[in-house]
Amino acid sequence: MATEKPNILVHCQKSLNITIFDVKWIPCSARFVVLGNHARQTGSLQVCEMASSGEIKITTEVEKKEAFKCGTFGASSLKQRNFATGDFKGNLRIWDLEKTEMPTYCTAAHTEIINSIDGVGGLGIGEGPRELVTGSRDGSVKVWDPRQKDDPVACMKPREGEAKRDCWAVAFGHAHNQMDRCVAAGYDNGDVKLFDLKNMSLRWDTNVKNGVCGLEFDRKDINMNKLVITVLESKIHVFDMRTQHPKKGFAKVTEKAHDSTVWAVRHLPQNRDICMTLGGNGSCCLWKYQYPEKRVTQDSDDIEMGVPGTLKLLENIKLSTQPINAFDWSPDKEGLAVCSSFDQSVRVLIVTKLARV
Amino acid sequence: MSEEKFISIQHQIRQNQEEVSDFIRDLRNWETSIKSKDEKLRKETDSDSEKIEPPVRNRVREKRMRKKQAKQLKIEVVESDETSQQEQGSKKSSRIKAYDYRAWDKFDVDKACEEVDVEGYSAGSEYETDSDAEKEEFERQRKIHEANEEKDKGNALFKNGCYDDAITCYTRGIEADPSNAILPANRAMALLKLKRYEEAEKDCSVSIHLDYTYVKAYARRGTARIELRKLEEAKRDFQQVLNIEPSNKQAVSEIKRIERKLKEIEEEKERNRIAEEERLQSEEGIVKPIHKPQHLRSKKPLRRINIEEIGQDTCEVDKKLASKPQEKLEAGVKTGNEEEKEIILKSKDRRREETRPEDTHSTDTSSVTASPSPPSMSVPAVPQTSFQLVKDWKQLHKYPSLLYQYFKQISPSTYPSILQQSLDSNLLNGILKLIVDFYIPSNEPVLETLQCLCNVKRFDMNVMFMSAKEKEVVKRIFDYIRERQETDSAEVDKLAKKYGL
């Protein structure tokens, strides 16, 4: 039994001189991008490489005027590997990492900090156009097409007069054909909204009581399967997105972990039922979602409703005294991951035996 | 037990270590392979073999919520394609209903229009990856969309009275979508407003050609043709409107109007013909002023000419003129002709010139020319149509006594049939004033006149708009009626009520 349990190990670690907000593997490489800000409030973008000696080597380091908050390769082709970033001033920029002097795309997307960004359609993940979604403190969620300058292709914001909630997390999903696409957005008051981009409508919304720090679909490019939401107050909610009941919505399972804020969740690219959650206490938890025997059941009126499964904790490791705020699985090597913490260091992790879970 | 457990733990640790070292070895291999792959990717300057991408989201979609709302207040003349609008409307509203966050609320119309304009340039690159058929379809939809945008813009401008700008918009729309029947019809409406009737007619014809059931195009062409005096064709247009839409009130009234006009034209022609004949007949009787130098003039003593008097009103003038025997009178007098009067005045001027050297009665003559001479005209015949009446009225209204004579010869019972719908406040008040100024002083019965006047169309409306001063006039008339006691007071009261008292 015990031998089948995956192991999480720190492969290498590097301290940087910046506050790190996001970290992302460059697709098809052993390199990753680190985003953050310097103590003087300027933005820093660094490209690090795993050296053969088992060290982390900084290959590129650029300083920009605005502090970077988040970034994604999700809307870039595998060949270009352009990196989209959101910063503290609300600017959306796309960078060619080989020529970082000027962004290839630049727009003032929001009036306040972009908290979260996600991309779809690029890297061979997701059908349909390559699009980015940004969520900001100004309360709006905007969808961007890099081919269209300045104007978002869709904008979801509160009605005039309604309170603007700080949008903390956004994620694409349901991009399983040319037309269908959904955006999930989590807000500081615990609201979760699911926008249908095909119909330009609000498909579903709920409240999970605590501010939503992170959310992610288990896969972006399939018919919606699971949505994992992590919140303040150490909770993880997993919604089964396959069956929507007209009244009850989606079935969910809730799990308690980390004893602190759960910062984010990242699904293993090679197995959609395994995910890592990041704790405010500096720990990482590896979970496996176990489906129920029957995912669909009928309620008293014979209307289909979903049945939640269970979350099984596979492994848990404490890496730092500071919160782990960003994490990224390598898309190319199963079990390889990078994470960043507010202790200003990046760690490359290896997780063994994932294939046999 | 403990030993067994110890062994198993030891085994586990060893296994784990093996696992990890395996993984790390594997990782090394992976690192080298991925690095070479990475390097290859970095060096490649690519983007020629891009994957086929769908178009930018929400580009072709209409973003016209605001416009829709504004259009509900639209003036009635420029209507846009109702069916297509309804389609869009229902599509839009169903979408909005489910949607808390109004995504397109921020897209204002102008911006959307601009976008459409920009699209015109970028469309080529936008859809280049689509198949040809798809591309064509997109292009076609975009064009239709653009045309609709232009139409809406044009309608808004039209509503604001910027007809020239509206025409520009419609023209752009027509260029974008030449198959749209509404655009030329709307442009025609704007052209009508600018009194460019020929172009309007042409546009309407285009519109009808595109959609032969488009009622408004027929109606507008009819209007244009009325203005172009193509009455017969205009009538045909309105009849076509009635064929398509039998309940169209505008068409009915327009046809009536055209028929009336046609009749009037006929009459006018007749009158002109008669006038021409008269002119030709009387030509010989007119003596034109001639000027001869003094030395060429006849040395014979002047002879007195007997002047024939025509019409009772002209006698005054004639008498005056006739009372000056020492003047050479070289003018003839004919009835009711403007030219004539001029001749008279001219001859008078000449007379003054001639009389000056002699210096006789110069003051007398000048006084004659200075005072406005009453018209040398007879009272026209009883009118048969409202047009005639209005025309005569206009001619006579400066001379109330003539007007009185003229009006009195019209039998009150024929008022409704003569006046038809042309009773306006000026005419009504004129009649009432006539009654006060002439009927009453001469102590004539007025009750019948008033009663019949009530039956004329549009009488009630005109009464409604009477001013206080005009009401005063009416009151005086009724005081007079009550004094005379022609009928019982109840009937008079009833009549008074009709006159708004």
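# Asking why: labels in a predicted model

Mentor: Let's start with a network of salt bridges that links Glu201(B), Arg221(B), Arg225(B), Lys230(B) and Asp237(B). This is a predicted model, where local features need pLDDT of at least 70 and side-chain atom pairs count only at pLDDT 80 or more, while totals for chains, interfaces and linings use all residues. Residues are numbered from 1 along each chain as its sequence is written, chains are lettered from A and ligands numbered from 1 in the order in which they are written, and side-chain values use heavy atoms, with hydrogens and water left out.

Trainee: What makes a pair a salt bridge?

Mentor: A side-chain nitrogen of Lys or Arg has to be within 4 Å of a carboxyl oxygen of Asp or Glu. Side chains of opposite charge can pair when their charged atoms come close. By this rule the count comes to 41 over all chains.

Trainee: Why is the pair Asp205(A) and Lys193(A) called a salt bridge?

Mentor: Their N to O distance is 3.6 Å, and the limit is 4 Å, so the pair qualifies. Asp205(A) sits in strand 17 (residues 201-207) of chain A and Lys193(A) in strand 16 (residues 191-196) of chain A, so the salt bridge ties together parts that are twelve residues apart in sequence. Strands here are DSSP runs of E with at least two residues, helices are runs of H or I with at least four, and both are numbered from the N terminus.

Trainee: How do you know whether Lys193(A) is buried or exposed?

Mentor: Buried means under 20% relative accessible area, exposed means over 50%, and partly exposed is in between (1.4 Å probe, protein chains only). Lys193(A) has 7%, so it's buried. Its partner Asp205(A) has 40%, so that one is partly exposed.

Trainee: And what about Glu150(B) and Lys153(B), what makes them a salt bridge?

Mentor: The closest N and O atoms are 4.0 Å apart, and the rule says within 4 Å, so they count. Both lie in helix 5 (residues 132-159) of chain B, three residues apart, about one turn of the helix. Glu150(B) is buried at 3% relative accessibility, and Lys153(B) is buried too, at 19%.

Trainee: What makes Thr85(A) buried?

Mentor: Its relative accessible area is 0%, so it falls under the 20% limit. Thr85(A) is in strand 7 (residues 83-87) of chain A. Its side chain makes a polar contact with the side chain of Trp95(A) at 3.0 Å.

Trainee: Why is that called a polar contact?

Mentor: The term covers a pair of N or O atoms within 3.5 Å; within protein, one must be able to donate a hydrogen and the other to accept it, and residues adjacent in sequence count only if both atoms are side-chain atoms. The 3.0 Å pair is listed as one.

Trainee: How many disulfides are there by the rule?

Mentor: Zero over all chains. A disulfide here is a pair of cysteine sulfur atoms within 2.5 Å. As for single cysteines, Cys182(A) is buried at 0% relative accessibility, and Cys204(B) is buried at 0% as well.

Trainee: Which residues does Ala234(B) touch?

Mentor: Leaving out residues up to four places away in sequence, Ala234(B) touches Gly222(B), Arg225(B), Ile226(B) and Ile258(B), where contact means heavy atoms within 4.5 Å. Ala234(B) is in helix 10 (residues 231-244) of chain B, and at 0% relative accessible area it counts as buried.
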